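Me: Please take a close look at one part of this model, the surroundings of the ligand and the helix that belongs to them. I would like one connected account.

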Amino acid sequence: MKKLNIALIGFGTAGRGFYEAWQQLGTTRFNIHGVAVKDGEKERYGLHLNATTDVLGLINDPTVDVVVEATGNVKEAKLWYDATIKNRQVFVTANKQLVSQLNAFGNQNLLYEASCGGALPIVRLLETCFPHGVSSIRGVLNGSTNYILTRIFVDGFTFNDGLLIAKEAGFVEADERLDLDGGDPATKLRILCRHAFGLRLHADDVSVFPLIGFNDVDVKFIRRNNLVVRYIATATVEDGKITARVAPELVAAEHPFAKVLNEENAVSITDRGGESYFFKAKGAGKQPTGTALFNDLEAWSQGFRYKKRKLAKAKSTPEIEEVIVRTGNDFRSELTDAETIESWVESGQRFYRLRCCLNELARIPNVRSGEASVFVVGKDLTQKTFKPEYHRLEC
Ligand SMILES: NC(=O)c1ccc[n+]([C@@H]2O[C@H](COP(=O)([O-])OP(=O)(O)OC[C@H]3O[C@@H](n4cnc5c(N)ncnc54)[C@H](OP(=O)(O)O)[C@@H]3O)[C@@H](O)[C@H]2O)c1
C-alpha cells in the first residue's frame, strides 16, 4: 500500500512531538515528505531532512496528501487550510484559535484533537461514545493554570511563587495574563460544545472569570477552609438552552478534579441518561501534543471522520450559582439579583458569599479586570460554611 505523504508545518514543541511519534509508530505507513518552519537558519537536531520556509510551496506539492499544522499562527494557518481544501488534502491541526474561527464543521478532511485537551482524545470520545447525546461537559482544559494551582494547593506555595515556578518550568507565557485570562479554556470549551451538543457558541456566550486577580489573600482564605481550587470550564444544556462558563471552582480535596495535577487535563461528561464519565490525561508538552496529532492522522487513515451536521446557534440562558467573591470595594450595589449575601473581612479585603447570576457577575468591570476574584462553590460544597477565623459582618 502507498505510504501517505505528510507536510509538517512547525517544528517546535508540538511539531517535534509529532515527528517523534511518527518515528516511533508510523514510518511504515506514513512518509514525512517535508517540514516547514519560520526560521530557515535554526539548527533542527534529529530532523532527517532540510526544513523549508516556503510553507505554501510545500503544501502545494502535488505529492502531499496530509498537512499537519503545528505553528500556533492563526492568520497564515487559515491560508494554509484554504490551500489544503483546494488541493483536497487532509488537514490535521493543534491550533485552537484557528479551529474556533473555522466555519467548516463536518469537513471530512479536518481533524483537530490536539487543539483541546492535549493527549485526552476528548473530541473523538464526544463524536463516538454518546449516541443518546450529552447534557453536560466539565473540564480542566488548561495545563498551565493547573500547574500553578497544583504548586499552590498540593505543595503549599503562595500564588506568586506558584506562578514563578510554573514560568521557570516553561508552562506559562512570558506575559502571564495570556494564561490567566481564561481565554484558552473558553476557546476549547466552545470547540467541544460543537461536538457535545451540535451548538455554535460565540465568545460572549461563555462567562469567563479570570485567574488574573487570584492572590495570596484568596489562597489563605481557601486553605483555611480546607478546600482546593481548580480552573474548570463547564457547559450544560437543559431544555435546548445552554449555560457555559470558565471559573475557578472550590472543590473538596477528595473530588476527582482535585486529583488532576500539574499539566494534566480532565473532562467529566454526563450523558442524557444521567450517567457520568471521567477522563484524564496529560494536557500539554511535546509527547502528549505530538501523540494527539499523530493519533488524528492514524484515525483518519483508518476511516474516522467528524460527523457531518449543521450546527445550531446556541441559545444561552442565565446561570444562577453560589459563589465567593473577594473584592476591596463594596460589591453588593453592583449586583441586582443576588439572593443572599454574607460577608467576611480579611486584611482590608472583603469576601462575599452569594447566590447570583454568573452572566451578570462576569460583566462587572472589576471582575473582568481581575481586581475582584470569583470562586464558584462546587455543588458538593454548597452546604459547607465558610466562616472559621473570619469576623462576620451583618449585612
Ligand atoms: N506546546 C504544547 O504543549 C501545546 C499543547 C497543545 C496545543 N498546542 C498547539 O500547538 C501549536 C504549536 O505550539 P508549540 O508550543 O509547538 O509552538 P512553538 O514551540 O513555538 O513552535 C512553533 C513552530 O512553528 C513554526 N512557525 C511559527 N510561525 C510560522 C510560520 N509563519 N511559518 C512557518 N513556521 C512557523 C516555528 O518555526 P521556528 O522554529 O523557525 O521558530 C516553530 O517551529 C499551537 O497552536 C499550540 O496552541 C501546543
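Reply: In this predicted model, the ligand is surrounded by 26 residues, and G10, G12, D39, G72 and A94 are the closest of them. By type, the shell holds 11 polar residues, 10 nonpolar ones and five charged ones. The element that gives the most to this shell is helix α1, residues 13-25, which supplies three residues.

Helix α1 is worth following along its length. The helix has 13 residues, and at 1.5 Å a residue these should span 18 Å; the end C-alpha atoms are 18 Å apart, so the two values agree. The expected span is 1.5 Å times one less than the number of residues.

Next comes the question of what lies inside. The buried residues of α1 are A14, G15, R16, G17, F18, Y19, A21 and W22. A residue counts as buried here if 20 or more other C-beta atoms lie within 10 Å of its own. The partners that the buried residues of α1 pack against are three strands, β1 (4-9), β2 (30-36) and β3 (66-69), and one helix, α11 (286-301). An α-helix has 3.6 residues a turn, so residues three or four places apart point the same way.

Two residues elsewhere deserve a note on their backbone. Most residues other than glycine have a negative phi. R88, in the loop between α3 (75-87) and β4 (90-93), has a positive phi near 60°. R88 is exposed, because 8 other C-beta atoms lie within 10 Å. N262 also is not a glycine and has a positive phi, about 55°. N262 sits in the loop between β10 (241-251) and β11 (264-271), and counts as partly exposed because it has 19 C-beta neighbours inside 10 Å.

Key:
Residues are numbered from 1 along each chain as its sequence is written. This is a predicted model: local features need pLDDT of at least 70, side-chain atom pairs count only at pLDDT 80 or more; totals for chains, interfaces and linings use all residues. A residue is near a molecule or strand if its C-beta atom, placed from the backbone, lies within 6 Å of it. Helices (H or I, at least four residues) and strands (E, at least two) are DSSP runs, numbered from the N terminus. Ala, Val, Leu, Ile, Met, Phe, Trp, Tyr, Cys and Pro count as nonpolar, Asp, Glu, Lys and Arg as charged, and the others, Gly among them, as polar. A residue is buried if 20 or more other C-beta atoms lie within 10 Å of its own, exposed if 12 or fewer, and partly exposed in between; C-beta atoms are placed from the backbone. Two residues are in contact if their C-beta atoms, placed from the backbone, lie within 7 Å.
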